Amino acid sequence: MCWLLEVNMRQTTSPNLLKHRLWLIVPAALMVGIFFLYPLGFSLYSAITLDDGGFTLSHLNKAFDLYSKDILFTIIIVLVSVAILAVLSITIAALITLSPFRSLTKTLGFLYRLPLFIPFIVTAQMMRTFLAKNGLMNNAFVASGLLTPMDTVSFLGWSGIIITFVWKQLAFSTLLISGAMAALDESQIRAARNLGASRLSILFQIILPQITSTLGVAMVLSIVTMMSVLSVPLMIGTGSPTMMTADMAFRINSYGDYHVANALGLVSYCICAGLAWFYLRQNLKEKGAN
Amino acid sequence: ETTLNVASAGSQNMVDYVKTYLAPKFEATHPGVKVNVVGTGPGDAGSHKIMEKLSAQNDSGLAKWDIDVAVVHQKIGGEMVEDGLLSKYRSEVKTGDMVSRDSAKNALGINVDGYVMPMFHSQTAIAYNSDFVENPPTSYDELVQWTKKHPKAFGYNGIKNGMSGVSFVTGWIYAYGTDAERLSSAPYDKSVESTWNKAFSELKEFNKNITFTPGNAGTLDMLNRGEIFMGPVWVDMFYSWKEQGKIPPSLKLSLIAPGMPGQPMYYVAPAKAAHPQLAREFIELATSPEVQANGIVKQFNWYPGIDANYVEAKLDKATWEKLFAEITPSDLSKYGKSFPIGPYFDDIKEGYERNVSN
Amino acid sequence: MSYPQTNSLLAKVNIRYLRPSFWLQCVFILLLALVLFGPIMNLLIWTVTESWYFPHALPSQWGFKYWQQVFNPYSDVSGSLFTSLLIAVLTVVVCLIVSIPAGYALSKRSMPFRIFWMLLFLIPQAFPNLTVYMNIARLFYDFGLNGTLLGVIIVHSVHGLMFSIWISVAAFSSTDPMLERASRNLGAGPFYTFFHIVLPQAAPGLIASSIFVFLESLDEFTGTFFVGSPNITTLPLLLYTASMEGNYQIASITALILLVPSILFMVIIHKFMKPEMLSKLGK
Amino acid sequence: MAHLHIQNLQAGYGKKLILDKINLTVEQGEMIALLGPSGCGKTTLLNALCGFVPVSGGEIFAGSRSVSQLPAEKRNITMVFQSYALWPHMTVAQNIGYGLKVQKAKRAEINRRVSELLSIVKLEGLEDEKVTALSGGQRQRVALARALAIRPDVLVLDEPLSNLDAKVRLSVRHEIKALQKQLGFTSLIVTHDQEEALVMADRIAVLNQGKIEQIGTPEEIYHHPSTPFVADFMGAENHIKWPTHDDAFRLNTSNPAAELDLYFRSENAVLATPQAASKDDLNAGLIIHGHVEQSVFFGNNYQISVRCGKHTIQADHDQNLSENTPVTLSVPNNALHAFDKEGKLVAHQKNHAVSVKSMRMNHVC
Amino acid sequence: MAHLHIQNLQAGYGKKLILDKINLTVEQGEMIALLGPSGCGKTTLLNALCGFVPVSGGEIFAGSRSVSQLPAEKRNITMVFQSYALWPHMTVAQNIGYGLKVQKAKRAEINRRVSELLSIVKLEGLEDEKVTALSGGQRQRVALARALAIRPDVLVLDEPLSNLDAKVRLSVRHEIKALQKQLGFTSLIVTHDQEEALVMADRIAVLNQGKIEQIGTPEEIYHHPSTPFVADFMGAENHIKWPTHDDAFRLNTSNPAAELDLYFRSENAVLATPQAASKDDLNAGLIIHGHVEQSVFFGNNYQISVRCGKHTIQADHDQNLSENTPVTLSVPNNALHAFDKEGKLVAHQKNHAVSVKSMRMNHVC
Ligand SMILES: Nc1ncnc2c1ncn2[C@@H]1O[C@H](COP(=O)(O)OP(=O)(O)OP(=O)(O)O)[C@@H](O)[C@H]1O
Ligand SMILES: Nc1ncnc2c1ncn2[C@@H]1O[C@H](COP(=O)(O)OP(=O)(O)OP(=O)(O)O)[C@@H](O)[C@H]1O
Ligand SMILES: [Mg+2]
Ligand SMILES: [Mg+2]
């Protein structure tokens, strides 16, 4: 068990512990260890064992067998959402940092934070009625003459899931990214403008390279959040394919099958950890170069 | 002051019903007792949470559990009995012998006799908008024809987003696979499943002409917003929404041949409830003919959990008739099926996942 | 040599605002406003809707019927709101207490197994916890934590730890190490330096992380049920049932009520934060 | 290449007005040095020129084009920043080549120019270093090279040499000057090094509290400061309020009762020891008797602090003197900057101080 | 108060060794100036002293205490940072008072000391400003005041005056020196201003590529540079590789065939115009004929660039000379620093250059 390993480490490497300030991590690690990893152990255990305790890969096989399409769907949805999210939040943060029009940036700064405090479940619920074929959005288009009632399309389904994810996470990632941008030394931006760089090239060549790590954090956290949300696929998603969380819930609620559900959980964690690892390695490389 | 903890799965209406209708009544007759009602969410998930919480307490060997009365779905009720989480209380409550339905004894093939009391019975049926659909289909065959003529106008929610879709699929198997009687009774025969391939491939074909909705409520919602004109819904939910004005009066119900499944909600008492006696008294109150008549039937238009005869006696004719305004008692007895026994049920769902949605 | 005189204020204003980029940005902001406000408008409309069905573009009947339902004497809205808030605030406190030291330590490049630690704290969010909560509940029954505020706070904290640690690592990494040096140089020990120099520098990031932990806690439902109920009722419990079941009015009203403390939280942050710290938080 | 014309410029931060009614013209190809005490608004002026501080009044013209309302990237006025403002995520070469990259120059052309500049600022071999691994002086040279790379029309430099060591400073100073002559760019340089200003600039503007006190050629500013502030700032650090009511001081003046502020440089104070004492010089405007307080080695001479009553006067001398040696200081009339109570110049003579110095030598030898 | 003793110090970043076998003793109450080109490791040395760069070899003693393994806050060596390292979340007063607050001084005492220091560094009235709203020079003064506030035993200063204007620099320089004398703290100051080093320091250490080239009193370093590098660095910027194979050059030496590197200062190159030409000075070690290339106003004199063949020689002169004037330069033997091929000093004479200079004056007048 991981937390045991961790306690072990404390005993065997105590000079190291002091030197590298490992002890500062201990409370947090213990908390996760005892209150999550330990119970998680049982779940993981059930993902790779039979009811009688024998080791098996059949649950994982079954998970891939039945849900490979959903796994792919989940990855695509999450990646697409995170890409849109990155583009949008960088645009907003860049406008706030670089736009010469103070009044506009103030408005923008107020605007983007609006969804920050709206819980996922409420967002999902709002979107369900907003994005539907005859939802408020389409109604508004029809009323304003932009669409005829015949042209309206329902966004419930994959597009709705993406829209909802982006809508909800936008405030979060923009907050982090524009924070990082604001923390950059003003004179660095000035120096670039001074050399004739347009705002766009300043964004791409001066600002973005310096905030990649924050961008990475925002995106990893967003990915993880999206991967673990159940209410959105349940309320916005329609049928198949669907997100893995919905499958897990279905597996448990409908079959009482914890094995396959946990196997799916394992897959889901591996995806998140893979993406996070990618970021962390990149981040470490960058720092090492400095 | 004693607190009686009631956990209720199911829709907000049910939670509200327990909270605002039953609880005050109970508190009035039991001074010093406070009823604490927790809603655990709609659908099987809500029931499942209750089961998991109880089994967690069971596993850690607690002497007293923190739920005294629970309202759960039929399927979970059966599983809880199997896991030994419930107490066999029915014989100890006065209303115990007023139950007549088979579902009080048998939950998807599991014998639950004595462990459960139905709160009400629910049924899936096809809801349609009578403004747009003049001759609603009366059987699955007609429905298939209808969807060919009106693509995307029929909607259901698959099998992962709620039980109404599952019921529809189960009905489909009843119609094109194996009949309901065979699937609803033991013994289980694994080979039966292999005869459904055609049914599933037809369903896959059928699915191309329809709209998928997000959940039980999603179907009703889309009906309400005119995005679909027909779809399978829970009768109890349908009536509640209609009662609250959340769907237009033009929506009607039709139960189609060869039938769709329904299920009851159960009142159960956990095996190690902290207040077993109060729990029994609470259930007794909840299943009394008066409460069933005024609460379940009159207020919500739900089919009563105890024998209808006891309830009908407590109500005026008009109210009683209203219950059968759209689905006649004869339709109900002909087409109101129960769910198949557990293993078949799993076969149906997994078959769907493998052959239809994959 | 004579120079053109363009001193009139009007001329200046014109030069600035006639630029196409101004209008482009205006349009972008307008679109964003619509996208953001649309769903929120929808939410607000639903709170005062009594019935709304096809083919009405707007509710066919407005009213406060559902407000009465939410605030009926049997549903203890204010009580559970208070509980939710209390839990959220305490969760923030717990998360800060454990994640500030961890975040600081992890922000140092020399930290051994840095990636391992970072991934460790990702687990509670990344592993869908549906299946884990049952085991947590069992564990908590053993510890006697079930049904206690502490239990719920622990569950929420573990859940929020990812935000607080990852964001505080970012916050601490961006502080200037020279400032730390300057303080050590003047005789301040590591702790004094940490609290007087490093922490204020990282404060904006830490506050951002608190916001997310706070929100996570307010959003959390499953864990609360497994560990808290029936003794502890939070508002999201109510919201969850209503929302999953398509009871838009109740869900919207509850959501609106939940928004009140969230906005208050934001206002308090505004009040007690120095402006330049907030500027780092991003405007 | 264009000349720069600043007209009634007003600028500041928020409501705090830092620059007030600045008027300044930098002719095409001219280099003007901005001298002024710390905090007087030099950086603010450059920022206003570059478009980083909004102009609240007045106009800036580059050529005949009014640029005061243009965005920074359109102004074509390049700046070397006081805080370097290098981009930490780029290598030295990338930093330097950035401006050319923005102009979409060819890669080969950029490389050529970058290595040319690296050799100018003596950073050969460091092109692939991250700027974060450079020492302070190395960073400053990168900043300079970056601004020079695009051959700007108007170059403004904010203390470009302050972090360089003496050696590099001389060569970079020379390099800038040579480049400026060669390319003929108009430039404005902020420096707090008086020598730098004198050597590099065609004209010097002395700024004080957001106002220009005097503009003129180095010689004018050095020899004919028009205000007490400029006199003081340009090194006439000895200040005597006349009358002193002290017998140790004697002033040859037509009106001995007038209240005057006298300023003179240590290099103009001719110091005579009793041994070397001769009869008082007729040329001497001011004669002071005192005692050596301190003597400091200055390289090519010693700076002697002379105590006379409540004043301490600095004088240059070619020999080290021991403490308390009695000495006589005489300051020639033409090296004495006298101002009346309103700060107006009084009885200033046009001879150059240098000739005065050579006279001093006569006494010594 | 303690002396500082550095023994065989080695330090660097990662595997990159920057400082190699540094040996240096700063006596109690002494001030040593570290001079050296940019990037030679001056900042690194100070960082190693303060405990910010790990020491990979050797020892540092403050008094008799070995501090090389102590944490930074226990070393009692205070630093003025080159990049200021001010705390942006604090006001000026809070920055300055921080060290005292750490020592748990009374609030009144802190306030008193802070306002005392504010007046020393001439920042009165800015105590409640955020440091982010200060100009570059103002920030540097805050950094200085912060380090002085706690009256440190050993003070190390990393170019503390580089961003100050001439006026303030003089007064702060003086203030530091006075404080240092008064309080007697041992100190090490990094500067790239040669004059600053000469004036402030009791001894000067010249650092080159992580090694100390020479340590000595200002006079020693100035007049007797022991290596070509020091000579060059201390302002003897005229460099001639002997033999030049050019008739315009003449060297009075016992061994005219020897290969030598000759260094001399512009101030020691006596310049004679044809009009003023006299017979060749016997003292002159080196005589050069050439033409004026450029003449630059330097304040108290002109710097003349003389072109002789492929060399350009700088010489000081008291008058402006027009371009192409033919001139003769003579450098006295004792002002000529000659090194052999190994960089060893050759035939150096002990007379002080100052006396040479006065001799020059004889010729001129
Ligand atoms: N953090 C660092 N990592 C790696 N190398 C560094 C680092 N800081 C400085 N160096 C290198 O160490 C050498 C010495 O740097 P240092 O800062 O000590 O120079 P310095 O003498 O203070 O120069 P300056 O006068 O320009 O400030 C330089 O070559 C520099 O490139
Ligand atoms: N961002 C700012 N906000 C408010 N005031 C500022 C800001 N920057 C500078 N100031 C103030 O404006 C005045 C002028 O500052 P500026 O930077 O122009 O001085 P400077 O002449 O460049 O000085 P130095 O030689 O020290 O760099 C100073 O009093 C300073 O305190
Ligand atoms: Mg400045
Ligand atoms: Mg340095």
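These are my notebook entries on a sheet in chain D, two ligand sites and the contacts between chains, all looked up in a predicted model.

**Entry: the sheet in chain D**

I began with the strand order. In chain D, 6 strands make up an open sheet, and reading across I get β6-β7-β8-β3-β9-β10. The pairing in this sheet is mixed. I then checked the two ends of that order. The edge strands are β6 (77-80) and β10 (211-216) of chain D; each has a single partner strand, so one side of each has no neighbour in the sheet. For the twist I noted an average of 20 degrees from one strand to the next.

I looked at one pair more closely. Strand β3 of chain D, residues 31-35, runs parallel to strand β9 of chain D, residues 203-208, and 4 bridges join them. Within that pairing I looked up L35(D), and its bridge partner in β9(D) is V206(D).

Next I asked which strands helix α1 of chain D touches. Helix α1, residues 42-50, packs on the sheet and is in contact with β3, β6, β7 (154-158), β8 (186-190) and β9 of chain D. The direction of α1 makes about 150 degrees with that of β7(D).

**Entry: ligand 2**

I listed the surroundings of ligand 2 and found 18 residues. S38(D), T43(D), T44(D), S135(E) and G137(E) come nearest. The surrounding residues belong to chains D and E, so I record the site as shared between chains.

I went through polar contacts on the chain D side. A side-chain N or O atom of T43(D) is 2.5 Å from an oxygen atom of ligand 2. K16(D) places a polar side-chain atom 3.1 Å from a nitrogen atom of the ligand. At C40(D) the backbone is involved, with a polar atom 3.3 Å from an oxygen atom of ligand 2. On its own, ligand 2 has 630 Å² of accessible area, and the protein covers 85% of this.

I also sorted the shell by element and by class. At least two residues each come from β2 (16-26) and α1 of chain D and from α4 (136-149) of chain E. The classes are 5 nonpolar, 10 polar and 3 charged residues.

**Entry: ligand 1**

I repeated the search at ligand 1. There are 18 residues around ligand 1, with A133(D), G137(D), S38(E), T43(E) and T44(E) the closest. Chains D and E both contribute to these surroundings, so this site too is shared between chains.

For polar contacts I noted one residue of chain D and two of chain E. In chain D, a polar side-chain atom of Q138(D) is 3.4 Å from an oxygen atom of ligand 1. In chain E, the side chain of K42(E) has an N or O atom 2.8 Å from a ligand oxygen, and for the side chain of E159(E) the distance to a ligand oxygen is 3.3 Å. The protein covers 83% of the 630 Å² that ligand 1 exposes on its own.

I checked which elements give two or more residues to the shell: they are α4 (136-149) of chain D, with β2 (16-26) and α1 (42-50) of chain E. By class I recorded 5 nonpolar, 10 polar and 3 charged residues around ligand 1.

**Entry: contacts between chains**

Last, I asked which of the 7 pairs of chains in contact share the most contacts. They are chains A and C. I then looked up chain B against the two chains of the ligand sites. Chain B has no contact with chain D, and their closest C-alpha atoms are 48 Å apart. Chain B does not touch chain E either, the nearest C-alpha atoms again lying 48 Å apart.

Note on methods
Residues numbered from 1 in each chain as written. Chains lettered and ligands numbered in written order. Predicted model: local features only at pLDDT ≥ 70, side-chain atom pairs only at ≥ 80, totals over all residues. Heavy atoms only, no water. Pairing = 2+ DSSP bridges. Helix = DSSP H or I, 4+ residues; strand = E, 2+ residues; numbered from the N terminus. Axes fitted to C-alpha atoms, helices over the stretch in contact; angles between N-to-C directions. Contact = heavy atoms within 4.5 Å. Near = heavy atom within 4 Å. Polar contact = N/O pair within 3.5 Å; in protein donor to acceptor, adjacent residues only side chain to side chain. Areas by Shrake-Rupley, 256 points an atom, 1.4 Å probe, with all protein chains shown as cover. Nonpolar A, V, L, I, M, F, W, Y, C, P; charged D, E, K, R; others polar.
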